Amino acid sequence: MAASLGAGVAVSRTGAFSAYVLHSYDWSDSSLVLDLFTREQGRLAVVAKGAKRPTSQLRAVLLPLQRLQVQFTRGKGQEPVEVQTLRSAEWLGGHPLPQGPALLAGYYLNELLMRLLPRSQPHPGLFEPYAAAVAGLALNPESTDTWLRAFELMLLQELGWLPDLAQDSLQQGALRAGRAYGLSPELGLVSAADGLGAAAWQALAAALPEGVPGLVRCLAGLAERAALKPVLRGVLQYHLGHQPLRSRQVLHQAHDLLPPSSRR
């Protein structure tokens with residue numbers, strides 16, 4: 001499925017890009033500003049002119065958590081601008097939109113990217129992990145927490161905030177068997193009474209090079225998986241600052257509404 005803004009506009013193409021819609025904002029009665037995550041250019045602000053019109057083909061394409069191919073335009077001779085204009089968008093298919101708690105989890109991933117990635121700073125190493133996590137949420141919603149932990153680890157690694165998980169950051173040596181370690185945003189992986197065991201961190205370190213799929217396989221068999229959630233969230237919150245994530249609050253509220261047997 002492809003949609004464009006139509007003919008009659010004097011423009012120059014800037015090429016086709018793989019992208020996901022992270023968020024959209026009303027720009028006028030008929031148009032939207034999109035926050036896109038692209039493989040080639042990172043996060044971008046893009047105007048989708050006419051996208052809100054009932055007759056616009058873009059309405060059915062510009063959905064969050066769906067892989068797109070997009071093209072941008074700008075007037076000939078103009079210097080690059082902070083907000084680009086969308087020329088066309090094509091849905092690339094692959095998986096349905098996540099549903100229920102998995103959909104909320106997808107919005108959490110989007111908000112993490114919007115809060116932590118500066119605009120126009122490429123992160124090609126994060127695009128496929130994000131795509132894998134979104135697909136995992138859609139196709140395996142019963143494992144939502146596992147996909148979230150895998151992406152959080154990849155995000156921290158891509159941004160340079162994840163230390164070597166096979167080494168004590170303070171001692172600069174291998175982790176000691178039988179000892180627990182916590183993840184400090186300032187000190188790295190350090191001995192802590194309420195942390196994860198050395199074997200768990202070593203398993204995660206071995207799985208990291210395999211990306212999200214490898215981490216998901218590792219986490220599925222990790223007895224301490226539940227303990228990893230507050231550890232990673234603590235590091236992320238340190239870098240996010242004091243303002244809480246809105247999607248996380250919604251996730252907590254939805255979690256509280258589930259019957260005890262369905263909570264993870």
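Visitor: Let me start with one strand residue: in β11, which residue is the bridge partner of Y181?

Guide: Strands of a sheet pair through backbone hydrogen bonds, either parallel or antiparallel. Here, the partner of Y181 in β11 is L196, while S191 in β10 stands opposite Y181. A word on the source: this is a predicted model, in which local features need pLDDT of at least 70 and side-chain atom pairs count only at pLDDT 80 or more, whereas totals for chains, interfaces and linings use all residues. Residues are numbered from 1 along each chain as its sequence is written, and side-chain values use heavy atoms, with hydrogens and water left out.

Visitor: What order do the strands of this open sheet have?

Guide: Some ground rules: strands (E, at least two residues) and helices (H or I, at least four) are DSSP runs numbered from the N terminus, and two strands pair if DSSP finds at least two bridges between them. The three strands are ordered β10-β9-β11, with antiparallel pairing. Because β10 (188–191) and β11 (196–197) each have a single partner strand, they stand at the edges, and one side of each is left without a neighbour in the sheet. Strand β9 (residues 180–184) is joined to β10 by four bridges and to β11 by two. One pair linking β9 and β10 is L183 with L189, and these two strands form a hairpin with three residues between them.

Visitor: How many residues of β9 are buried?

Guide: Buried means under 20% relative accessible area, exposed over 50%, and partly exposed in between (1.4 Å probe, protein chains only). Four of the five residues of β9 are buried, so the strand is largely enclosed by the rest of the structure.

Visitor: How far apart are the end C-alpha atoms of helix α2?

Guide: The expected span is 1.5 Å times one less than the number of residues. For the 16 residues of α2 (residues 124–139) that gives 22 Å, and the ends are 24 Å apart, which agrees. Buried residues of α2 include L126, F127, Y130 and V134.

Visitor: Which residues have the most contacts inside the largest nonpolar core?

Guide: Such a core is a set of buried Ala, Val, Leu, Ile, Met, Phe, Trp, Tyr and Cys residues joined through side-chain atoms within 4.5 Å. The largest has 56 residues, and Y130, W201 and L204 have the most contacts inside it. Its largest share, nine residues, comes from α1. Leaving aside residues up to four places away in sequence, Y130 touches, among others, Y20, L109 and F151; contact means heavy atoms within 4.5 Å.
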